[in-house]
Amino acid sequence: MQITDDSLEEGQLMTLNFGPTHPATHGTLHLIATMDGERIREAEPIIGYLHRGKEKMGEHLKYNQYLTMTDRMNYLSPALNNIGWCLAVEKLMGVDTPPRVKWVETISCELARIMDHTVCNGINAFDVGAATVFFYMFQQREVITEIFEQMTGARLTISWPRIGGLPYDVPPDFKDQVRAFLKGFYPVLDECDKLLRNNRIFLDRTAGVGAITKERAISYGFTGPCLRATGFEYDLRKREPYLCYDQVDFDVPVGTNGDVFDRFFVRMEECRQSARIIEQCLEKMPDTGPFAVDDYRVILPPKEKVYNEMEAMIFHFKLVIDGVKPPAGEIYQGLEAGNGELGFYIVSDGSGKPYRVKVRSPCFYIYAAYPELIRGLMMSDVVAVLGSLNIIAGELDR
Amino acid sequence: MDLAILNQKLTGAFSGMAYSTAEACGQATVEVPADRVKDVLKFLRDDADLQFDMLLDVTAVDYPARTPRFEIVYILVSTERRHRIRIKTRIEDGRALQTVSDLWRSADWGERECFDMFGIRFDGHPNLKRILNPDNFYGYPLRKTYPLRGERDPAFLDYKETEPA
């Protein structure tokens, strides 16, 4: 790859501010690039434009209230964030959710992953000029948001499962809706694949652009599709299975070069695998059964009991006033989110609010490698690389 | 991570170092003295049986009533050996830790965030400046003493008096 001429002096270089309001920066990213002609010599990402202090707020909110903060982190796949938070608190409390909850959550995780990947790939393709793929992908995402709307009442900021289970059962035609989505999704995936895989323009813009080796990627803390694109089969769903991932059969797609092209098609293939997981989940998911754990430390007792029984009344009161109270201790729970390992590190002092919440966001560490990835590239490639890393400002800045 | 193996390794490599281990929810934690933490981390990364090649996260927890005040937490994972561990150390306000950004690239931004949020300094860090907050920001917002509503909070004046930046 041709890199810039190092003999150029300060006055011969140009400093270019890219963002934070440029549409191609996907929100609020700011890059100060030192340009040698049209090539990047040095770049410094400035982040924090969407910093809302979610970790500080976490210390002042109850565990169930913090759920509403998590879906404002990676807003492309809110369900994954919500479920990640619930899994962490459940593990800290030693609560084991009923099988039906686990199956529904597994399906939601995969639907959210498809949502994340379709948006990421659609926008990435759009940024390099393939507008058709963007519209095809967004149409599919729309169907998923409708499923989530039926399930939870909200399209995007769903704040949906609770610690210990679901707040309400899924709609009766849930399985049919998901099956109908999958039926329409496969042809679109194939079509987008055909449109781009051997497309000369797309290959020129993506193949060999923004490549990273496996060793560098691990050192930078890459996880998820960006690490798998380098050819390393690292997937928490396989390595440390949570929910029902040990009961379903799926492959972990990997790339070879770790460039934009590989990241794009790893995400494409992951969509296919997610659809495969959902199909198996729909087969195996029990049609009836409790949708929340029968433990009044975490889930409100049913209303009839609250009105008629002393204990249920007390539990109701305690849970509303104090909230969920995990024992003192600490936990780190990671889950395979759309961009990689999303981890919640919680320190509890035994009260109803966390003592410290740390969100290990996958984007944050991936974006640290951005200056290295774009060094020597053209300004137009900067956008292609940015899109392929799937940097979500809400998750990056928290 | 199996603590028995780790204990054996650590006592072998760092004889005389006082450290403690704990296990909760199936997750192992090791607490080491602040002046040895970099050596321990380097050992964990390079040892052939441990191979902690990825630093997932660096963070801190503030305990204003304790001495030393801050707890720094390193979350490590071995992509080859498939195990995880948390390394902790304690440090007093105003003291600095050695950077590990030369061991793992991910520590670069992780330590910057730690500095930005808690005011913990890392000696030898190539670019230790604020990352999420603006450069002219006053104070360290994730300290327990920092008021929730920031500068608009009446308690902010107290914060400014007790903890000048």
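1. A good place to start is chain B: 54% of its 165 residues count as buried. Please keep in mind that this is a predicted model.

2. The overall dimensions of chain B fit together nicely. A compact globule of 165 residues would have a radius of gyration near 15 Å, and the 17 Å of chain B agrees with that. Its C-alpha trace spans about 50 × 30 × 30 Å along the principal axes. The accessible surface of chain B is about 7200 Å², and carbon and sulfur atoms contribute 46% of this.

3. On secondary structure, chain B has four helices and seven strands, arranged along the sequence as α-β-β-α-β-β-β-β-α-β-α. Taking contacts in chain B between residues at least 6 apart in sequence, 48% join residues at least 24 apart.

4. You may enjoy the aromatic side chains, with 30 aromatic pairs over all chains. One of them joins F134(A) and F135(A): the ring centres are 5.3 Å apart and the planes meet at 70°, so this pair is edge-to-face. F134(A) counts as buried at 17% relative accessibility, whereas F135(A), at 52%, counts as exposed.

5. F364(A) and Y365(A) also make an edge-to-face pair, because their planes stand at 85° with ring centres 5.2 Å apart. Both F364(A) and Y365(A) are buried. They belong to one aromatic cluster with Y367(A), Y370(A) and W109(B).

6. Finally, do look at two charges over rings. The charged end of K144(B) sits over the ring of Y355(A), 3.9 Å from its centre. Within chain A, R237(A) lies over the face of Y245(A), at 5.9 Å from the ring centre.

Notes: Residues numbered from 1 in each chain as written. Chains lettered and ligands numbered in written order. Predicted model: local features only at pLDDT ≥ 70, side-chain atom pairs only at ≥ 80, totals over all residues. Heavy atoms only, no water. Phe/Tyr/Trp six-rings, centres within 6.5 Å; stacked < 30°, edge-to-face > 60°. Buried < 20%, exposed > 50% of the residue type's maximum accessible area, 1.4 Å probe, protein only. Lys NZ or Arg CZ within 6 Å of the ring centre and 35° of its normal. Helix = DSSP H or I, 4+ residues; strand = E, 2+ residues; numbered from the N terminus. Rg over C-alpha atoms; globule rule 2.2 N^0.38 Å. Contact = heavy atoms within 4.5 Å. Areas by Shrake-Rupley, 256 points an atom, 1.4 Å probe, with all protein chains shown as cover.
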